[in-house]
Amino acid sequence: MYLCGHKYRNMSKSLLFLPDISGFTEFVQNTEVEHSHHVISELLELIINANILDMKVAEVEGDAVFFYREGELPSREQLLAQAEEMFTAFYSHLKLLEQNRICPCNACSSAPKLDLKIIVHVGDVEFITIQGNNKPFGKEVIEAHRIMKNSVDSKNYLLISESGAQAFELPVDHPSQLFDFERSEEEVDGRPFPYFWAQLDRNKLKLREFPAARFMDPQGPANLRLGVDLNISQQKLIPFVTDFGNRHLWNEGVDSYEFNQHEITRFGSEHVCIVNGKHLNVVSVTAPPESDEVVYGELNETIPFTDEVLVLFRLFHVSENTSKMIVDVHFSFNSKLKKMIFLPLLKSKLGKSLKRSMELLELALNSNAIGPKAKKPEVIPQASAS
């Protein structure tokens, strides 16, 4: 059947599955645009990756993903397992964002307050084919979207339409450790729409383990230290310094950077520096802070002739519009002979590179209109490190 140039297929019994991020509108409106987009992008991606029922994605709808599955429906146990998997993935990621966060912006700090609700509906769904892609279409699709706006007094829950519960042979008193259903009803397009819903107790989820922030505690003073006073707030400086996408603006000698462009840098994030064709693997770490500072570090265990190289960016708050950045570099060697031969060479070479980076950082900040002109870098006197 064709209508207005589009092809329609006959109706078939289908599962409609819509996970929706609660608090999305307020989050986007009241936080920094760039990082709020990164956070939502990460969450939507993991929701899609948590699809264990082999459902198809009809649309990504800003704060929700519209899944569907034609033909044979999954079992009741499979459906509830899918919901649990999605909740687990979502809240595990929020815990990761909370514990390994570096950026102090409102988007990053408020992301753990987001919630997830899942809407499930089953019905005879029509399909429209547009440019070779099947799209669910018709009354059941409209109902599934309308019921997302309901009177449930919760932000994290599983809602299953009564027709869906009947299709899955799910009684309202179904015994479940995670979902305790109750029956309710809304009016949709002038008709009653009954459903079962269960508020999620996040404490009952078995959240996934993730690597904690790696704390480095260098013994003794840094082998190399460079500092600069900047006319930019600490809050704006942190995301600029930790964003690998900015590195080419103020680091010379690196051919390119490989990193996850959809991820906000956090402790445990990894990236690769390619220098003269060599791949140097770097992981984001931290160290004990000194007074009013944020410590962001990068650990590299692939630099030739060294056991590891630790670079610590110490970012100090000075005033509302000024900050100070001190860069400490610690070299570690697996033999005294290597240390005696290569430490002086590395200190000399990297020292020049760091001074140039501070000059380029000033230019990069100015060109991005992040702050007024900064002072030129200065060498910070310190005790000699052998």
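User: What makes the meeting of the side chains of Asp-20 and Lys-117 a salt bridge?

Analyst: The N to O distance between the side chains of Asp-20 and Lys-117 is 3.4 Å, and a salt bridge requires a side-chain nitrogen of Lys or Arg within 4 Å of a carboxyl oxygen of Asp or Glu, so the pair qualifies. Asp-20 lies in strand β2 (residues 6-22) and Lys-117 in strand β5 (residues 115-130), 97 residues apart, where strands are DSSP runs of E with at least two residues, numbered from the N terminus. Both Asp-20 and Lys-117 are buried, a word that stands for under 20% relative accessible area, with exposed meaning over 50% and partly exposed in between (1.4 Å probe, protein chains only).

The model is a predicted one, in which local features need pLDDT of at least 70 and side-chain atom pairs count only at pLDDT 80 or more, while totals for chains, interfaces and linings use all residues. Residues are numbered from 1 along each chain as its sequence is written, and side-chain values use heavy atoms, with hydrogens and water left out.

User: How do you know that Arg-202 and Asp-115 form a salt bridge, and is each of them buried or partly exposed?

Analyst: The closest N and O atoms of Arg-202 and Asp-115 are 3.4 Å apart, which meets the distance rule and therefore makes the pair a salt bridge. Arg-202 sits in the loop between β9 (191-199) and β10 (224-230), whereas Asp-115 belongs to strand β5, 87 residues apart. Arg-202 is called partly exposed because its relative accessible area is 34%, and Asp-115 is called buried because its value is 10%.

User: Why is the pairing of Lys-324 with Asp-229 called a salt bridge, too?

Analyst: For Lys-324 and Asp-229 the closest N and O atoms are 2.9 Å apart, so the rule is satisfied here as well. The pair links strand β16 (residues 322-332), which holds Lys-324, to strand β10, which holds Asp-229, across 95 residues. Asp-229 has 23% relative accessibility and therefore counts as partly exposed. By this rule the count comes to 22 salt bridges, and Lys-139, Glu-140, Glu-143 and Arg-191 are linked in a network of them.

User: What makes a space in the structure a cavity, and how many of 30 Å³ or more are found?

Analyst: A cavity is a set of points, on a 1 Å grid over the protein atoms alone, where a 1.4 Å probe fits but cannot get out, and its lining residues have an atom within 4 Å of a point. The search of the whole structure finds two of 30 Å³ or more. The largest has a volume of about 80 Å³, and its lining includes Val-39, Leu-97, Cys-103, Cys-108 and Arg-266. The second largest holds about 30 Å³, and among its lining residues are Phe-244, Phe-259 and Glu-263. Ile-264 and Thr-265 are listed for both linings.

User: How do you know whether Cys-103 is in a disulfide?

Analyst: A disulfide is a pair of cysteine sulfur atoms within 2.5 Å, and the cysteine sulfur nearest to that of Cys-103, in Cys-105, is 3.5 Å away, so Cys-103 is in no disulfide. The sulfur of Cys-108 is likewise too far for a bond, because the closest cysteine sulfur, in Cys-105, is 3.7 Å from it. The search of the whole structure finds zero disulfides. Cys-103 counts as buried because its relative accessibility is 2%, and Cys-108 counts as buried because its value is 7%.

Terms used
Helices (H or I, at least four residues) and strands (E, at least two) are DSSP runs, numbered from the N terminus. On a 1 Å grid over the protein atoms alone, a cavity is a set of points where a 1.4 Å probe fits but cannot get out, and a pocket is an open set with protein on both sides within 12 Å along at least five of seven lines; lining residues have an atom within 4 Å of a point. Grid points are joined across faces, edges and corners, and a volume is the space filled by probe spheres set on the points.
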